[in-house]
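Here are my comments on the model you sent. They are set out as numbered points, from the overall fold down to single contacts.

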Amino acid sequence: MAYDMIKTVLNAEAAAAANEKAAEEQAQSMRDDAAATAQTLAAAQIEQANSQARLILSEAQQTAEGILKQAEKLAGMRRAKVIGDTEKKYDAAIAAVLHAISE
């Protein structure tokens, strides 16, 4: 009878040790899976952030190019206006010079 009781206790301890080992292995597997999932999610977030940064940079470049083209066009229009205004004054300037020389 004592043998049966000791055997039952020893069997229970062995089963508990096996269950504990299985639980530790399962827990480690869950930690490994969680770490892999976290790494995958982090990589995806980094890639998304990089994509957004590239998009923002592209939009900024397009905006800058548009502003530059507008500024160049405006400068050309101003240059043409100044030249046109100056050409309109040539006749009067020549007449004034000739008048000043003839006096």
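The points below cover the fold, the helix, the surface and the salt bridges.

1. Status and fold. This is a predicted model. The protein has one helix and zero strands. Its radius of gyration is 44 Å, whereas the globule rule gives 13 Å for 103 residues, so the protein is more spread out than a compact globule. The C-alpha trace spans about 150 × 15 × 10 Å along the principal axes of the protein.

2. Length of the helix. Helix H1 runs over residues 2-102, which is 101 residues. At 1.5 Å a residue, the expected span is 150 Å, and the C-alpha atoms at the two ends of H1 are 146 Å apart, so the two values agree. As a check within the chain, Lys-69 and Ala-38 are separated by 31 residues in sequence and by 46 Å from C-alpha to C-alpha.

3. Bend. Where does H1 bend by about 35°? The bend is at Tyr-90. Tyr-90 also contributes to a nonpolar surface patch of about 540 Å², together with Ile-94, Val-97, Leu-98 and Ile-101. Of these residues, Ile-94 is placed in helix H1. The spacing of such residues can be read against helix geometry: an α-helix has 3.6 residues a turn, so residues three or four places apart point the same way.

4. Burial and surface. What share of the 103 residues counts as buried? The figure is 0%. The accessible surface comes to about 9200 Å², and carbon and sulfur atoms account for 63% of that area. Lys-69, which is in helix H1, serves as an example: its relative accessibility is 59%, and since exposed means over 50%, Lys-69 counts as exposed.

5. Salt bridges, N-terminal pair. The structure holds three salt bridges. One of them joins Glu-25 to Lys-21, with 3.8 Å between the closest N and O atoms; the cut-off is 4 Å. Both residues lie in helix H1, four residues apart, or about one turn of the helix. Glu-25 has a relative accessible area of 49% and is therefore partly exposed, given that exposed requires over 50%.

6. Salt bridge of Arg-54 and Glu-47. The closest N and O atoms of this pair are 3.1 Å apart. Both partners are partly exposed: the relative accessible area is 48% for Arg-54 and 42% for Glu-47.

7. Salt bridge of Lys-81 and Asp-85. The side chains of these two residues meet at 3.0 Å, N to O. Lys-81 and Asp-85 are four residues apart in helix H1, so about one helical turn separates them. Which of the two partners counts as exposed, and which as partly exposed? Lys-81 counts as exposed, at 54% relative accessibility, whereas Asp-85 is partly exposed, with a relative accessible area of 29%.

8. Summary. The predicted model contains one helix and zero strands, with a bend of about 35° at Tyr-90. None of this comes with a buried core, as 0% of the residues count as buried. The polar contacts noted above are the three salt bridges, and the nonpolar patch includes Tyr-90 and Ile-94.

Methods
Residues are numbered from 1 along each chain as its sequence is written. This is a predicted model: local features need pLDDT of at least 70, side-chain atom pairs count only at pLDDT 80 or more; totals for chains, interfaces and linings use all residues. Side-chain values use heavy atoms; hydrogens and water are left out. The expected span of a helix is 1.5 Å times one less than its number of residues. The bend at a residue is the angle between axes fitted to the seven residues ending there and the seven starting there. Patches are made of residues with over 30% relative accessible area and no salt bridge: like charges are joined within 9 Å, nonpolar side chains (Val, Leu, Ile, Met, Phe, Trp, Tyr) within 5 Å. Accessible areas come from the Shrake-Rupley method with a 1.4 Å probe; for residues, only the protein chains shown count as cover. The radius of gyration is taken over C-alpha atoms; the globule rule is 2.2 Å times the number of residues to the power 0.38. Buried means under 20% relative accessible area, exposed over 50%, partly exposed in between (1.4 Å probe, protein chains only).
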